[in-house]
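Visitor: I would like a close look at the aromatic side chains of this protein, with enough of the surroundings to place them. Please take me through them slowly, in one connected account.

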Amino acid sequence: MPFYTDNADVTDRGTLHFEFFNEFDGLQSAQFPDLRQNTANYKFNYGLPHNLELDVDFPYLAIYRASGSQTSAGFGDTDMGVKWNFYKTLHPMSVPALSASLYVEFPTGDRRQALGSGLMDYWLNAIAQEPLSDKTRIDANFGFLFAGNTSTGVLGVQTTRGHVYTGGLSLQRDFTPRLTLGAELYGAIGDNSGLGKDQLQGLSGGQYQLNGRMSVTFALLGGSHIASPRVGGQVGFEVDFPLRRATAAKQSASNQLTSPSPLWRTP
């Protein structure tokens with residue numbers, strides 16, 4: 001958080017990680033009578049052995065419409081996934097840290113109110129994280145959604161046929177041991193040109209670390225395509241709950257990962 005582009009890190013083994021953000025977006029004029037959308041998103045991660053992580057997240061959505069059209073509110077579709085960090089980079093400017101994730105989204109939201117897609121979504125994502133220095137890093141994602149769509153409420157690529165390709169690139173820098181700022185470009189495109197639901201948006205934001213387990217996040221974002229918000233703002237927080245007793249060595253590694261420092265290991 002707050003970036004949509006994922007990094008290569010996974011939650012420490014035996015730790016429950018919780019993230020929450022609230023994003024309020026003004027929609028593109030082509031979305032009329034939909035005017036604004038509020039997304040309150042809840043996400044839980046749990047660290048497993050062998051650099052694996054389990055993920056569950058679900059949003060609570062409110063879609064505000066023009067006069068004469070009814071506002072919709074309720075829970076959206078639920079995501080479940082697994083992420084594997086299979087390579088940790090040795091040092092900055094070397095082979096990047098590499099991860100992969102697979103998500104399945106269940107149609108738990110009400111499609112009639114545009115709170116859910118009504119589809120089962122299957123999404124494979126490749127992740128690379130390259131430390132440019134001990135304070136600066138770049139993350140890159142490439143995703144392939146081979147069934148379903150990327151919609152959350154009225155945002156995202158909406159299709160019932162064809163595939164969707166997603167990509168993201170973010171640059172982050174630790175300005176102090178507690179404050180990280182960055183920017184990203186994120187997009188998605190369907191392989192059916194007739195969909196008219198491409199997504200391209202930018203985000204600038206950061207994270208402030210309150211202590212070794214908790215951070216607050218903030219961002220401003222906007223886009224130019226119909227599936228992107230015209231302008232929006234996001235605030236949130238994330239916190240770790242260790243559920244198993246860590247050894248001194250494990251605790252030291254955990255402290256490194258919960259700091260804003262990039263992910264790499266010494267030879």
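Guide: What follows begins with the protein as a whole, moves to its aromatic rings, and ends with a surface patch and a loop residue.

The model is a predicted one, and that should be kept in mind for every value given here. The protein has 13 strands and 1 helix, and the order along the sequence is β-β-β-β-β-β-β-β-β-β-β-β-β-α, with the helix following the strands. Of the 267 residues in the protein, 45% are buried. Among contacts with a separation of 6 or more, 59% are between residues that lie 24 or more positions apart. The exposed area of the protein comes to about 12,900 Å², and 61% of that area is supplied by carbon and sulfur atoms.

Turning to the rings, the structure holds 11 aromatic pairs. In one of them, the ring centres of Tyr-4 and Tyr-186 are 6.1 Å apart and the planes meet at 35°, so this pair is classed as tilted. Tyr-4 belongs to the segment before strand S1 (15–26), whereas Tyr-186 belongs to strand S10 (residues 179–190), and the pair thus links distant parts of the chain, 182 residues apart. As for cover, Tyr-4 is partly exposed, with a relative accessible area of 33%, while Tyr-186 is buried at 11%, a value that falls under the 20% limit for a buried residue.

Another aromatic pair is made by Tyr-60 and Phe-75, whose arrangement is edge-to-face, with 5.0 Å from centre to centre and 85° between the planes. Because Tyr-60 lies in strand S3 (residues 52–65) and Phe-75 in strand S4 (residues 72–75), the pair ties together parts of the chain that are 15 residues apart in sequence. Tyr-60 counts as partly exposed, with 35% relative accessibility, and Phe-75 is likewise partly exposed, with a relative accessible area of 48%. Both Tyr-60 and Phe-75 also belong to a cluster linked by ring pairs, which includes Phe-18, Phe-20, Tyr-42, Phe-44, Phe-58 and Phe-237 as well.

A ring can also be approached by a charge, and here the charged end of Arg-173 sits over the ring of Phe-175, 6.0 Å from the ring centre.

Aromatic residues appear again at the surface, in a nonpolar patch of about 1,000 Å² whose members include Tyr-46, Phe-106, Tyr-122, Phe-146 and Phe-241, together with aliphatic residues such as Leu-54, Val-82 and Leu-102. Strands S5, S6 and S7 (121–131) each supply at least two residues of the nonpolar patch. Met-80 is also one of the patch residues; Met-80 lies in strand S5 and is partly exposed, with a relative accessible area of 42%.

The loop between strand S5 (78–87) and strand S6 (97–106) contains Pro-96, which is partly exposed, with a relative accessible area of 22%. Apart from its neighbours within four places in sequence, Pro-96 is in contact with the aromatic residue Tyr-87 and with Thr-89, Ala-128, Gln-129 and Glu-130. The C-alpha atom of Pro-96 is separated by 9.2 Å from that of Asp-139, a residue 43 positions away along the chain.

Conventions. Residues numbered from 1 in each chain as written. Predicted model: local features only at pLDDT ≥ 70, side-chain atom pairs only at ≥ 80, totals over all residues. Heavy atoms only, no water. Helix = DSSP H or I, 4+ residues; strand = E, 2+ residues; numbered from the N terminus. Buried < 20%, exposed > 50% of the residue type's maximum accessible area, 1.4 Å probe, protein only. Contact = heavy atoms within 4.5 Å. Phe/Tyr/Trp six-rings, centres within 6.5 Å; stacked < 30°, edge-to-face > 60°. Lys NZ or Arg CZ within 6 Å of the ring centre and 35° of its normal. Areas by Shrake-Rupley, 256 points an atom, 1.4 Å probe, with all protein chains shown as cover. Patch = residues over 30% accessible without salt bridge, like charges linked within 9 Å, V, L, I, M, F, W, Y side chains within 5 Å. Salt bridge = Lys/Arg side-chain N within 4 Å of Asp/Glu carboxyl O.
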